[in-house]
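Visitor: Hi, I've never looked at this one before. Could you walk me through it?
Guide: Sure, here it comes.

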Amino acid sequence: MAHGERCLLVHGHFYQPPRENPWLEAIESQDSAAPFHDWNERINKECYNPNSVSKIVDSRNRIIDVVNNYSYMSFNIGATLMSWMEQFAPLTYERILEADKKSLAKHNGHGNAIAQVYNHMIMPLANENDKQTQVIWGLRDFERRFGRKPEGMWLAETAVDDDTLRVLAQHGVKYTILSPFQALRVRGLDDKNWQDVSWGNVDPARAYRYNIKSAPGEYIDLFFYDGAISRSVAFDELLTDGNKFSRRLGEGISCNRDYAQLVNIATDGESYGHHTKFGDMALAYLLKVKAKDEGFTITNYGEYLEKYPPVCEADIKEASSWSCCHGVKRWTEDCGCSTGGHPGWNQKWRKPLRAALDYLRDEFIGLFEEEGKKYFVDPWAARNNYIDVILDRKSVKKFQSANCMPRLTELQKVKAIELLEIQRQAMLMYTSCGWFFSELSGIEPVQVLKYAARAMQLAARLTDKDFETKFLDILSDARSNIYEQGDGRDIFERYVRPSVVELEQIAALWAISSLYTDMDDKEDVYSYTIKRNAYKKMKKGKSSFVIANIEVQSKVTTRRVNLVVALVKFSSGDFHCAFNQYTTEAEFKKMRTELMSIFMLDEQTQIIRAIDKSFGSEYFTLKDIFIEERQKILETMLKGKIDKFAAAYQDMYDEGKGSIYHLRKLGLKIPEEFKISARYALSHQFNDLVELPLDDEVISQAAEIIYEAHVINVVLDKQPANEFFSQKLLRRIKKLVDNFDTKQAQKTIELFDKLEQLEMEVDIAEAQNLYFNKVFHRTSEILETTKDIKFARMILRIGERLNINTEFYQQKLDKVLVSS
């Protein structure tokens, strides 16, 4: 960089709160995210993935470039969100990691990615141990994913105080990013007099040194983003027009500055695609095209800091944030800051919610220190190191060897992990979103209460002390804005307690599922492993009976139970599932023989009496199973009936279509009842047919179905076929990448021809991305080496079918033809 250079930096804070059920370690279906399974899936589709493959298009909407925005922008992605992406959005995840690697090369060894405090806890409100663990976990998570140490760290809601900055600096963090309204005063490094900037008028175009008050001699560097331009991104529709976006950023340059100016903005990353549709495309156009046109040099914070270290010092407002003008009161009281409320609502519930959680946290500290000294060499160091187990549950033995007392029994090792899980849940329950919005009964406050419930459940295994009574007493002071929801206790009982999972429920799910699925001897069920030692299934009429010996082990705490399970499925479709502790093989075999005999020879009432006698009166039914699994089981149970309905629709259509054609020819209205059966029958036929090898006969039959649908004026439901062919097309492009020859190109073109004949509208996004990055630019290779004109034309034809602007290579191809 040269003196006086115009530097541009766009920072995206990509974050979603942890949404996993604390007992299952999985996100359950969220109706508000429909048609997607949950909000992570929805926002990944709208924002996180598009930003990894953002399109720049021409005036005819043809693709002229595919840009990984993460390789051009500074960004942080929450650790819990990255954990979800790794499993459920692997392509997005891999592109993000690759973008950071590329940015290291572009920016003199400084990567675009920075870390984030682990689960978005408001740091000024955290105690010292939580501050330490949030930073350590955030750093270790980052290092494990990105393969390097981060230079910067994002603070949740940019909430900051001197102690937080001390902890960052202590762990080697070089800088963080704050709102301009968090700056209190500034001065030159050699000046004595301070300049007041407390009303947001700090100069955001440079870096600042912060000298830590609680650790004299230590410092950390700060960047204050341009508040006015950042707000424009969120609220002034800048992302609907890349040119407008570019011009607004240019206004951040001042001719009055005599140093290399940094125009840096910071917003929620979700602005680029989720909050503003196609916002990722405006960002791509800015970063790849317009920035250079406007004379900007794209940089990141680490590179700018190396080239232009601070010449000014800044002081901050203690306990401040970017989303609350009252400091951090948004997370403690009814300060007036809220999102999504209705007139007349208040947030007085925030104070008792925090008080209830503070009570639990402090009680759990005492439990952790008292019990932890029995199991750990250093309990708090063990907690800090526990992130290694969270990132890889298979590393638990290595962790125990390094952190636990020698010669612990297996039960003691389980208790040690349960202590650490209590601490993990106790931090998760402070995720900032629990207080951010307007209503106590919202999914975010309910989620933090679930973490509290899980922690209390684990604590009950380690102590006889009753935490729940006082916790609920404090929580009852929190009142919902919705009269019917009542107070915090009511909300806990309505939404949290039904979510509590015991190992028996996991076993019940396995047992009921075993009636419909062939189970392996070892099965993973959510965050549990079930080992089948013995299993017997019997049928009598429409009733079924299962008796089994299984071991259920938590993959999180490693706690294991050995159970005997007895399950009856009644002819009515209901279930009766009971459990008992396994004792001896002889006792199990005796019970199995007796119950099997009673089931086969006696009435149903007798088998239930016998199970109650052997197992006790407590039992589980289908309603005790998690709702998504319940739905799968019900769908399986209903499959036979659905097949009958499908056959009935097909018969109705076959019998009536002749008459219907006559009605159509006469211009008379076709009955809606017939249209329903026709749409179902024809869609079913079409989707089944096109999954067969697409020879001429299959294409002809499919064309007949399409014709019939047109005649009857019904729209076929081709979604299953579209999804099937989307994956088929992607596989075909992958084969072309692996075997770059005319044979594979011809097969790809033939597939496109067939899709056109079938009037398919497949999702080609991933095929576009793969083609553009791995195939398209190899056209030059063909023209410059083999000069295989036919092959080059085929490659460009594929590009055209994928809506790629191929004009550049078409012109090169024409020149080759002329010269030859």
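Guide: We'll go through it piece by piece, and keep in mind that this is a predicted model.

Visitor: Okay, what does the largest nonpolar core look like, and which residues have the most contacts inside it?
Guide: The largest nonpolar core has 176 residues, and Phe 245, Phe 471 and Val 552 have the most contacts inside it.

Visitor: What is Phe 245 in contact with?
Guide: If you skip its neighbours within four places in sequence, Phe 245 is in contact with Val 233, Leu 238, Leu 239, Ile 265, Tyr 272, Ala 282, Leu 283 and Leu 286. There's also a second, separate core of 58 residues, which includes Ala 678, Ala 702, Ile 712 and Tyr 771.

Visitor: Back to Val 233. Which helix is that in?
Guide: Val 233 belongs to α6, residues 227-235, where Gly 227, Ile 229, Ser 230, Ser 232 and Val 233 are buried. The cover over the buried residues of α6 includes α7 (242-250) and β12 (261-268).

Visitor: What goes on at the start of α6?
Guide: There, a side-chain oxygen of Asp 226 comes to within 3.2 Å of the backbone nitrogen of Ala 228. Just after α6, Glu 237 has a positive phi of about 60°.

Visitor: Let's switch to strands. How are the five strands of the open sheet ordered?
Guide: The order is β15-β16-β17-β18-β19, with antiparallel pairing. At the edges are β15 (522-525) and β19 (575-581), each pairing on one side only. Ignoring direction, neighbouring strands here are turned by 30° against each other on average.

Visitor: How many bridges are there between β16 and β17?
Guide: Twelve bridges pair β16 (residues 528-540) with β17 (residues 543-554) in the antiparallel sense. Lys 539, for example, stands opposite Ser 544 in β17.

Visitor: Which helix packs on that sheet?
Guide: Helix α20, residues 585-601, packs on the sheet and touches β16, β17 and β18 (560-569). The direction of α20 makes about 150° with that of β17. Then there's α21, residues 604-615, which lies across β17, β18 and β19 and runs at about 25° to β19.

Visitor: And which way do β4 and β5 run, parallel or antiparallel?
Guide: Parallel: two bridges join β4 (residues 74-77) to β5 (residues 113-116). Asn 76 has Ile 114 in β5 as its bridge partner. Two bridges also join β5 to β6 (residues 153-154), again running parallel, and Gln 116 stands opposite Trp 154 in β6. Between β5 and β6 the chain crosses through helix α4 (residues 128-146), and this β-α-β crossover is right-handed.

Visitor: New topic: is Arg 383 buried or exposed?
Guide: Arg 383 counts as buried because its relative accessible area is 1%, and the cut-off for buried is under 20%. Arg 383 lies in helix α11 (residues 379-385). A 2.8 Å polar contact joins the side chains of Arg 383 and Thr 133. Setting aside neighbours within four places in sequence, residues in contact with Arg 383 include Asp 130, Trp 137, Phe 368 and Met 427.

Visitor: Any odd backbone spots?
Guide: The peptide bond from Ala 34 to Pro 35 is cis, with omega near 10°, and Pro 35 lies in the loop between β1 (6-14) and α1 (39-48). Thr 158 has a positive phi of about 50° although it is not a glycine. You'll find Thr 158 in the loop between β6 and α5 (162-170).

Visitor: Is Thr 158 buried or exposed?
Guide: Thr 158 is buried, with a relative accessible area of 0%. Thr 558 also isn't a glycine and has a positive phi of about 70°, but Thr 558 is partly exposed, at 22% relative accessible area.

Methods:
Residues numbered from 1 in each chain as written. Predicted model: local features only at pLDDT ≥ 70, side-chain atom pairs only at ≥ 80, totals over all residues. Heavy atoms only, no water. Buried < 20%, exposed > 50% of the residue type's maximum accessible area, 1.4 Å probe, protein only. Helix = DSSP H or I, 4+ residues; strand = E, 2+ residues; numbered from the N terminus. Contact = heavy atoms within 4.5 Å. Polar contact = N/O pair within 3.5 Å; in protein donor to acceptor, adjacent residues only side chain to side chain. Core = buried A, V, L, I, M, F, W, Y, C linked by side-chain atoms within 4.5 Å. Pairing = 2+ DSSP bridges. Axes fitted to C-alpha atoms, helices over the stretch in contact; angles between N-to-C directions. Right-handed = clockwise from strand over helix to strand, strands pointing away.
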